[in-house]
Amino acid sequence: MSTALITGITGQDGSYLTELLLSKGYTVHGIVRRASRTERPRIDHLTLDGAIYGSRLFLHYADMQDATTLRRILLKVAPDEVYHLAGQTHVGVSFEIPESTCEFTAMGTLRLLEIVRDRPRPPRLLHVGSSEVFGNPVESPQNEQTPFRPATPYGVAKAFAVDMVRVYRQAFQMFAVNALCYNHESPRRGESFVTRKITRAVARIKLGSRETLKLGNIDSARDWGFAGDYVEAMWRMLQHDVPDDFVIATGRLATVREFLEYAFSSVGLRWQDHVQSDAAQYRAADVQALVGDASKARHVLGWQPTTDLVKLVEMMVNSDLAALQSRRSSAP
Ligand SMILES: NC(=O)c1ccc[n+]([C@@H]2O[C@H](COP(=O)([O-])OP(=O)(O)OC[C@H]3O[C@@H](n4cnc5c(N)ncnc54)[C@H](OP(=O)(O)O)[C@@H]3O)[C@@H](O)[C@H]2O)c1
């Protein structure tokens, strides 16, 4: 049975990927950062399961800045496959902390490539790139040949990392690949992302809150998919015979306004009664509407998204409603 190492296992994608790999019989090792709290809400259902944790799932402390420890873990675990998901993932926040964004996302990836390169039998490595590398793109939809024109510190860091993976693949014949993922969401999406801000507010308002939800540019558009589908694509990429990069996207562009419409109407409310535009939340520079052409993934990997936007939004709203109801019913 195969052994996988995941960086970013506590994140949205890391948690879905762990479930997928465990269901396929893998032994999974994950890298976690030391934090003052021990809760890891996205994977606690797995780490608290005595039948899984310690026998097929293991966690190791490290940081993408800490090459010595990363090297030691790679040596000890000797994985067949490495899924590199860790990084500072918030595009807006990357304008506030550009240096650490580049340190974790760009240099962290280079560090990992160097460690993998030094292994006598290098494991297969998947790096999760981002549609943000296309920034203000020269064409739409974008595919694997579209030139990079990043417009944010996050996009620049990802462009560096994606190109470095390509360089190592070509120069050292490593099985190192990039999943060029467009936005993907789920009930486990970080709470500071706009989709989750919306679905959490919908839950609160449905349950009686009289707040107004303030958002930046609601005419911004994104290609939104479901994270569970995207980790399936990542796994397929590492099972393919040839190392190659793939765009992973739905190919459907939707505005924040449309997301609001689906989210509020799913609980019988009108978004116009509860949402206000807030110029202070506009980004210093925003990318243009990015939409991906995933036909290569469809033809070569047989991958396609299974969850459309309406279903995804409903899943997120229902999950936030259930979580809030359960918190309220267990409050003293
Ligand atoms: N979700 C999307 O829409 C999307 C789109 C394109 C690309 N991506 C990329 O896909 C990957 C996974 O995204 P996600 O949505 O799962 O992100 P996420 O929920 O924000 O998770 C990020 C993960 O990286 C870890 N991490 C951050 N800095 C680290 C460091 N210095 N050392 C070690 N671990 C570190 C975090 O650990 P803590 O729990 O300790 O913070 C967390 O486990 C990321 O590389 C992201 O940039 C995501």
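# Exercises on a predicted model

Gln12 is buried, because its relative accessible area is 8%. The model is a predicted one, and the exercises below start from this residue.

## Exercise 1: Gln12

Task: place Gln12 in the fold, classify its exposure and list its side-chain polar contacts.

Solution.
- Step 1, location. Gln12 sits in helix α1.
- Step 2, exposure. The cut-off for buried is under 20% relative accessible area. Gln12 has 8%, so Gln12 is buried.
- Step 3, polar contacts. The Gln12 side chain pairs with the side chain of Asp13 at 3.0 Å. Another polar contact, also of 3.0 Å, links the side chains of Gln12 and Ser186.
- Step 4, contacts beyond four places in sequence. Gln12 touches Arg42, His184, Glu185, Ser186, Arg188, Arg189 and Ala227.

## Exercise 2: The ligand shell

Task: describe what surrounds the ligand, by residue, by polar pair and by class.

Solution.
- Step 1, count. The ligand is surrounded by 24 residues. Thr10, Arg33, Thr89, Tyr154 and His184 are the closest.
- Step 2, class. The shell holds eight nonpolar, 10 polar and six charged residues.
- Step 3, polar pairs. A polar backbone atom of Gly8 lies 3.4 Å from a ligand oxygen atom. A polar side-chain atom of Asp63 is 3.1 Å from a nitrogen atom of the ligand. For Arg189, an N or O atom in the side chain is 3.0 Å from a ligand nitrogen atom.
- Step 4, burial. Alone, the ligand exposes 900 Å². The protein buries 87% of that area.
- Step 5, elements. Two or more shell residues come from each of α1 (12-23), β5 (124-130) and α5 (153-172). The largest share, three residues, belongs to β5.

## Exercise 3: Backbone exceptions

Task: find where the cis peptide bond and the positive phi values of Ala78 and Gln173 fall.

Solution.
- Step 1, the expectation. Most residues other than glycine have a negative phi, and most peptide bonds are trans.
- Step 2, the cis bond. The peptide bond from Ser140 to Pro141 is cis, and its omega is near -5°. Pro141 belongs to the loop between β5 and α5.
- Step 3, Ala78. Its phi is positive, near 45°. Ala78 is in the loop between α3 (67-77) and β4 (81-84). Its relative accessibility is 43%, so Ala78 counts as partly exposed.
- Step 4, Gln173. Here phi is near 55°, again a positive value in a residue other than glycine. Gln173 is in the loop between α5 and β6 (176-181). Its relative accessibility is 64%, so Gln173 counts as exposed.

## Exercise 4: One face of α8

Task: explain why the buried residues of α8 line one face of the helix.

Solution.
- Step 1, the residues. In α8 (residues 256-265), the buried positions are Val256, Phe259, Leu260, Ala263 and Phe264.
- Step 2, the arc. Viewed down the α8 axis, these buried residues fall within an arc of 115°, so they line one face of the helix.
- Step 3, the general rule. An α-helix has 3.6 residues a turn, so residues three or four places apart point the same way.
- Step 4, the cover. The elements covering the buried residues of α8 include α6 (194-206), β8 (213-215), β12 (254-255), β13 (275-277) and α10 (309-330).

## Exercise 5: Tyr26 and Ser55

Task: for Tyr26 and for Ser55, give the loop, the exposure and a C-alpha separation to a residue far along the chain.

Solution.
- Step 1, Tyr26 location. Tyr26 is in the loop between α1 and β2 (27-32).
- Step 2, Tyr26 exposure. Its relative accessible area is 5%, so Tyr26 is buried.
- Step 3, Tyr26 contacts. Beyond four places in sequence, Tyr26 contacts Ser2, Thr3, Ala4, Leu21, Arg56, Glu81, Tyr83, Trp235 and Gln239. With Glu81 there is a side-chain polar contact of 2.9 Å.
- Step 4, Tyr26 separation. Tyr26 and Leu57 are 31 residues apart in sequence, and their C-alpha atoms are 8.9 Å apart.
- Step 5, Ser55 location. Ser55 is in the loop between α2 (44-47) and β3 (57-61).
- Step 6, Ser55 exposure. Its relative accessible area is 39%, so Ser55 is partly exposed.
- Step 7, Ser55 separation. Ser55 and Val28 are 27 residues apart along the chain, with 9.4 Å between their C-alpha atoms.

Methods
Residues numbered from 1 in each chain as written. Predicted model: local features only at pLDDT ≥ 70, side-chain atom pairs only at ≥ 80, totals over all residues. Heavy atoms only, no water. Near = heavy atom within 4 Å. Polar contact = N/O pair within 3.5 Å; in protein donor to acceptor, adjacent residues only side chain to side chain. Areas by Shrake-Rupley, 256 points an atom, 1.4 Å probe, with all protein chains shown as cover. Helix = DSSP H or I, 4+ residues; strand = E, 2+ residues; numbered from the N terminus. Nonpolar A, V, L, I, M, F, W, Y, C, P; charged D, E, K, R; others polar. Buried < 20%, exposed > 50% of the residue type's maximum accessible area, 1.4 Å probe, protein only. Contact = heavy atoms within 4.5 Å. Arc of directions from axis to C-beta.
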